[in-house]
Amino acid sequence: MSQGWFAARAVSEGGGFPRRRTLLWNMVVSVLAIAGICLVETFTDADIDFQRWLFDDTTGTWLVSRELHAQLKQIAYNAPKSALVVFGAYWALGLLRSVRNPAWRARRKGCVLMLLALIVVPCILAGSRSFTNMYCPSQLVEFGGEYELQRILEPANPANSGPGRLAGMCFPAGHASGGFALMMLYFARRPGQTSRGGLLFGLGYGLAMGLYQVIRGEHFMSDTLVTMVGAWGIVCGLVLLTDWVWAWPWHRLVRRFRLQQQA
């Protein structure tokens, strides 16, 4: 039974292998959504106008100023990242326990999916910032910085290059990528089950991390939206890849290897 493009099941209800077409469709739609966000950012002022609304020209401060951030940093910035480490340790421990514990053995695939998401999603999204050369709002001249506005699909602005000038490292949003990786919770249940609550939790967690950076001028809204959509596409890709590997006849391969060793 189809659930729509945004509700792919990791496996079929009978415990079979994944509905690959739905997962692939999710990935295609994610790419199209990223392209749409980039077009809006490049050819409209919606992104920069939203940041102007968060910036006080008279005081030169953001909605969350540097002083306020210093007070909130441990709770609003460091704590969510630390919690992700704890989540990762929990699923790593579950994977180890699945070797001997039957209850955890049924959840082994979910542990693998969660660990992959927490590692791969931030690596891809945060790593791609090295190639996009986009600046944060707080770095722009309009908001008291020293760099000119660089739109996503525009050629590199010559005013931002030269001795002592740094490359932009703000697109997509790296901080929120770990939070959005938790959308894998949608797929990480027992075979044949999915969790919309898990999806909403990961979506909310990533948005909370991303929006905090937006209101303090460290990211544009488009940075966070691209991270959200990109994370979902990567999550679906990881599910597709993992299910493909899971389907391999490993016991036959091991048996064949042993027979070759005995020959």
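1. Aromatic cluster. In this predicted model, six residues, F87, Y90, W91, W104, F201 and Y205, form one aromatic cluster. One member of that cluster, W104, also has a charged neighbour: the charged end of R107 sits over the ring of W104, at 4.3 Å from its centre.

2. Second charge over a ring. A further arginine, R165, lies over the face of Y147. The distance to the ring centre is 4.4 Å in this case.

3. Aromatic pairs, and F55 with F143. How many aromatic pairs does a search of the whole structure find? The search returns 13 aromatic pairs. Among them is F55 with F143, whose ring centres are 5.1 Å apart and whose planes stand at 70°, so this pair is edge-to-face; the cut-off for that class is over 60 degrees. The pair links distant parts of the chain, since F55 belongs to strand 1 (residues 55-56) and F143 to the loop between helix 6 and helix 7, with their positions 88 residues apart. F55 and F143 are buried.

4. F187 with W232. Is this pair stacked or edge-to-face? The ring centres of F187 and W232 are 5.8 Å apart and the planes are at 20°, so the pair is stacked, the cut-off being under 30 degrees. Here too distant parts of the chain are linked: F187 is in the loop between helix 7 and helix 8 (196-215), W232 is in helix 9 (residues 221-246), and they are 45 residues apart. Both residues are buried.

5. Surroundings of F187. The relative accessible area of F187 is 2%, so this residue is classed as buried, given a limit of under 20%. Its position is in the loop between helix 7 and helix 8. The C-alpha atom of F187 is separated by 8.4 Å from that of L199, and the two residues are twelve residues apart along the chain.

6. Disulfide. One disulfide is found in a search of the whole structure. It joins C136 to C170, with an S to S distance of 1.5 Å. C136 and C170 each lie in the loop between helix 6 (129-132) and helix 7 (177-180), so the pair ties together parts that are 34 residues apart in sequence. The sulfur distance meets the criterion of within 2.5 Å, and the reviewer may wish to read the value of 1.5 Å directly against the model.

7. Burial of cysteines. C136 is buried, at a relative accessible area of 6%, and C170 is buried at 5%. Two other cysteines can be listed beside them: C38 counts as buried at 9% relative accessibility, and C111 counts as buried at 2%.

8. Largest pocket. The largest pocket holds about 300 Å³ of space. Which residues are the closest to its centre? Of the 18 lining residues, these are G60, W62, R66, S138 and E218.

9. Make-up of the pocket lining. Strand 2 (61-62) and helix 3 (66-97) each supply at least two residues of the lining of the largest pocket. The largest share, three residues, comes from helix 3. Sorted by class, the lining of the largest pocket has five nonpolar, eight polar and five charged residues.

Note on methods. Residues are numbered from 1 along each chain as its sequence is written. This is a predicted model: local features need pLDDT of at least 70, side-chain atom pairs count only at pLDDT 80 or more; totals for chains, interfaces and linings use all residues. Side-chain values use heavy atoms; hydrogens and water are left out. Helices (H or I, at least four residues) and strands (E, at least two) are DSSP runs, numbered from the N terminus. Buried means under 20% relative accessible area, exposed over 50%, partly exposed in between (1.4 Å probe, protein chains only). Rings of Phe, Tyr and Trp (its six-membered ring) pair if their centres lie within 6.5 Å; planes under 30 degrees apart count as stacked, over 60 as edge-to-face and the rest as tilted. A charge sits over a ring if NZ of Lys or CZ of Arg is within 6 Å of the ring centre and within 35 degrees of the ring normal. On a 1 Å grid over the protein atoms alone, a cavity is a set of points where a 1.4 Å probe fits but cannot get out, and a pocket is an open set with protein on both sides within 12 Å along at least five of seven lines; lining residues have an atom within 4 Å of a point. Grid points are joined across faces, edges and corners, and a volume is the space filled by probe spheres set on the points. Ala, Val, Leu, Ile, Met, Phe, Trp, Tyr, Cys and Pro count as nonpolar, Asp, Glu, Lys and Arg as charged, and the others, Gly among them, as polar.
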